[in-house]
Amino acid sequence: MQRFVDNVLAVTKESVKTFTFEALHTIVRLINGVSAFLLTILPGKANILEGIHGWELRPTVRGPRYPRWMENGVSSFNKFIHELSVDSDTSSEDYSSAEEDIDGLCPASPLSQNSQFSHANSFTKNTGDSATSSVRGRRKPSRLCSFARVHRTTDRRRGVIEDLHLAIEMFIESIFDFFHKAAHFLLSPSEVKRVLYRWFSSQSRGNEDTYGLSDACVPTATLGENDPTLTERKTTFHQSLNTDARTCQDVITELGYPYEAIRVITSDGYVLLLERIPRRDSRKAVYLQHGILDSSMGWVSNGIVGSPAFAAYDQGFDVFLGNFRGLVSRDHVDKNISSRKYWRYSVNEHGVEDIPAMIEKIHQVKTAELKISQPELEEERNGDQPYKLCAISHSLGGAAMLMYVITRHIEEKPHRLSRLILLSPAGFHHDSPLPLTAMEYLVLLLAPVLGPIVPGLYIPTRFFRMLVNKLARDFHNYPAVGGLVQTLMSYVVGGDSSNWVGVLGLPHYNMNDMPGLSFYVVHHLAQIKHEKKFIMYDYGSASANMALYGSPKPLDLGEYYGVIDIPVDLVAGKKDNVIRPTMVQEHQRLMKDAGVDVSYKEYEYAHLDFTFSHHEELLAYVMSRLLLVQAAQKQPCNQKASRSTEKAK
């Protein structure tokens with residue numbers, strides 16, 4: 001009788017699952033189909049789905065052999081519980097030993113051979129001689145292969161639809177598990193007595209029952225296995241909310257590179273994270289600065305062979321990754337700082353507070369380390385430094401970097417840079433599409449009202465940040481929906497074809513923290529666009545501007561390009577509608593007129609392609625410009641004010 005009841009419950013459960021998931025899948029396919037129809041009627045978007053894996057423009061009559069919630073005859077719930085157990089068992093294994101079984105099957109990174117020596121040096125300095133022999137005694141795993149494994153084991157993020165599938169399946173499992181246990185107790189009274197006796201005896205000893213429903217153990221048996229014996233898999237609610245919350249440190253260390261985090265405090269109290277892929281004995285350093293709504297993750301998100309940070313490290317550079325102020329966590333020396341006060345900053349603060357603090361910290365670290373490792377190298381009296389520092393910046397980071405160099409010369413302070421590589425830099429925006437022009441007038445009109453009310457633009461709660469991260473996965477799983485969202489987002493920014501949906505799925509847009517945007521940064525960019533000049537922030541009154549700039553109007557940085565005494569490489573994207581090539585050419589024109597050593601290059605890229613897409617030709621060009629610093633003659637970092645003024649004229 002017990003077996004008959006079990007069979008009836010099992011058949012009923014699988015039937016309910018099949019009906020429920022087929023109904024849900026039909027609804028999702030309907031939404032995807034409507035999205036595809038909308039894409040076909042949008043101008044120029046009829047072929048956006050062609051060539052996308054997993055999407056069929058022509059429907060097929062032939063259906064799947066198994067229900068869509070099953071794969072190879074295995075229930076998705078049982079498979080999920082099984083993978084939880086496997087991943088938790090292997091997460092504590094040694095990284096290098098996990099790669100030994102596949103090291104021979106994966107090719108080595110073409111750039112990794114040059115960096116093995118520095119890896120050993122950094123590891124020796126941090127861990128001592130006792131650890132050196134163990135590193136040398138085993139073969140270093142291939143980074144390309146490790147990237148594939150790391151991506152599989154750490155990016156276990158599911159979309160909202162997948163979470164809904166799992167929630168429904170867990171609910172059905174719990175309901176039928178209740179009925180199964182109830183029937184078992186009714187049909188087996190002796191078993192009930194034995195369980196009650198064990199329960200009361202365990203209570204008397206102060207221990208919890210290992211058989212009752214209080215445990216987080218789920219008995220499962222995966223269909224199709226040779227041994228269908230029920231096994232208990234433990235799971236938690238936190239594990240079921242898996243979002244990709246990896247940090248830049250996780251990506252760097254999981255790929256086998258060294259990592260160091262440096263805490264930097266600005267003069268106005270903001271706490272910044274300066275991250276590093278260290279080569280402590282290298283006399284070449286590179287500082288990478290991200291743009292708006294981005295972080296250091298952008299420089300490592302393309303893995304080993306497609307990320308500027310790893311490429312620079314493999315070429316012998318000591319790599320520093322800067323992070324601007326502006327995170328949801330609001331890291332500040334004043335732990336009780338209000339939201340209104342924290343977000344009260346413009347692009348000015350990025351250029352005159354954030355970048356100077358990070359570059360000065362780099363200078364302190366590099367000079368101290370080089371004096372220890374190479375004592376014959378001492379900083380000369382004329383301002384020369386024992387290392388060369390180059391800067392690579394994208395978008396808003398490029399504008400802030402130019403502001404930094406100019407203001408340091410005005411203040412008669414060294415900028416410590418040897419070369420600037422600016423990828424689609426901000427600073428000029430008057431040639432822009434209609435949507436951005438409409439946003440400009442709207443921001444300028446509503447600034448007095450929106451500034452105090454909405455000082456920062458960000459997602460305030462963990463739930464909605466998690467939702468954004470998971471929806472990005474759904475947009476990938478359902479290409480028509482993702483294509484529609486991508487199209488609508490591109491319309492907002494004037495038709496720029498960047499992978500906006502893909503960027504939302506990157507780890508730094510996770511439930512724990514993500515970059516935010518100050519309203520005053522947006523207001524500053526609107527001022528720049530309206531004035532058609534690269535100006536500093538206009539505080540709205542002549543007295544306020546006079547106190548800060550010494551003039552009733554904010555400084556026009558374009559008039560001071562003559563003080564730039566280092567080579568500048570400008571790179572523009574022909575498909576970039578956020579910062580069009582004509583606006584990058586405006587930088588080039590002013591720099592040429594001022595006598596700056598400037599170069600200009602264009603590629604068939606959109607705005608985000610400079611950091612979030614793997615383009616080998618761009619990476620090769622950036623590395624070639626960096627390597628020019630080796631042959632350059634030393635230049636004093638501290639220029640006299642009279643010389644700077646003459647050059648500006």
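Trainee: Let's start with two phenylalanines: are Phe428 and Phe534 buried or exposed?
Mentor: Keep in mind that this is a predicted model. A residue counts as buried under 20% relative accessible area and as exposed over 50%. By that yardstick, Phe428 and Phe534 are both buried.

Trainee: Stepping back, what share of the protein chain's residues count as buried?
Mentor: The chain holds 24 helices and 14 strands. Among its contacts with a separation of 6 or more, 78% join residues 24 or more positions apart. Of the 649 residues in the chain, the share that counts as buried is 49%.

Trainee: Which helix gives the largest share of the largest nonpolar core?
Mentor: In soluble globular proteins, nonpolar side chains tend to be buried together. The largest nonpolar core here has 69 residues, and those touching the most other members include Tyr287, Leu417 and Val568. Nine residues of this core, its largest share, come from residues 396–410, which form helix H14.

Trainee: Which residues does Val568 contact, leaving aside its neighbours within four places in sequence?
Mentor: Val568 belongs to the group that touches the most other members of the largest core, and so do Leu420 and Met591. Both of those turn up in the contact list of Val568 too. In full, the list reads Leu420, Leu422, Met591, Val596, Asp597, Val598 and Ser599.

Trainee: How many residues are in the other core, the one that includes Val300 and Phe310?
Mentor: This core lies apart from the largest one. Ala311 and Leu423 are among its members too. Its residue count is 36.

Trainee: Which helix gives the most to the lining of the largest cavity?
Mentor: A search of the whole structure turns up one cavity of 30 Å³ or more, and the largest cavity has a volume of about 80 Å³. Its lining includes Asp609, Phe610, Leu618, Leu619 and Val622. Helix H22 (609–612) and helix H23 (616–631) each supply at least two lining residues. The top contributor, with three residues, is H23.

Trainee: How many of the residues lining the largest cavity are charged?
Mentor: Nonpolar residues account for six of the lining and polar ones for four. Asp counts as charged, and Asp609 is part of the lining. The number of charged residues is one.

Trainee: Why is the pair of Tyr257 and Tyr313 called edge-to-face?
Mentor: A search of the whole structure finds 16 aromatic pairs. In this one, the ring centres are 5.5 Å apart. Planes over 60 degrees apart count as edge-to-face, so the pair earns its label with an angle of 80°.

Trainee: How far apart in sequence are the parts that Tyr257 and Tyr313 tie together?
Mentor: Tyr257 sits in the loop between helix H10 (248–254) and strand E5 (260–265), while Tyr313 is in helix H11 (residues 308–314). Tyr257 is buried at 3% relative accessible area, and Tyr313 is buried at 0%. The parts that they tie together are separated in sequence by 56 residues.

Trainee: And what is the angle between the ring planes of Phe428 and Phe534?
Mentor: The centres of these rings are 6.2 Å apart. Phe428 lies in the loop between strand E10 (419–423) and helix H15 (434–453), and Phe534 in the loop between helix H19 (519–531) and helix H20 (542–549), 106 residues apart. The pair is edge-to-face, with an angle between the planes of 65°.

Terms used: Residues numbered from 1 in each chain as written. Predicted model: local features only at pLDDT ≥ 70, side-chain atom pairs only at ≥ 80, totals over all residues. Heavy atoms only, no water. Core = buried A, V, L, I, M, F, W, Y, C linked by side-chain atoms within 4.5 Å. Buried < 20%, exposed > 50% of the residue type's maximum accessible area, 1.4 Å probe, protein only. Helix = DSSP H or I, 4+ residues; strand = E, 2+ residues; numbered from the N terminus. Contact = heavy atoms within 4.5 Å. 1 Å grid on protein atoms, 1.4 Å probe; cavity = no way out; pocket = protein on both sides within 12 Å on 5 of 7 lines; lining within 4 Å. Points joined across faces, edges and corners; volume = space filled by probe spheres on them. Phe/Tyr/Trp six-rings, centres within 6.5 Å; stacked < 30°, edge-to-face > 60°.
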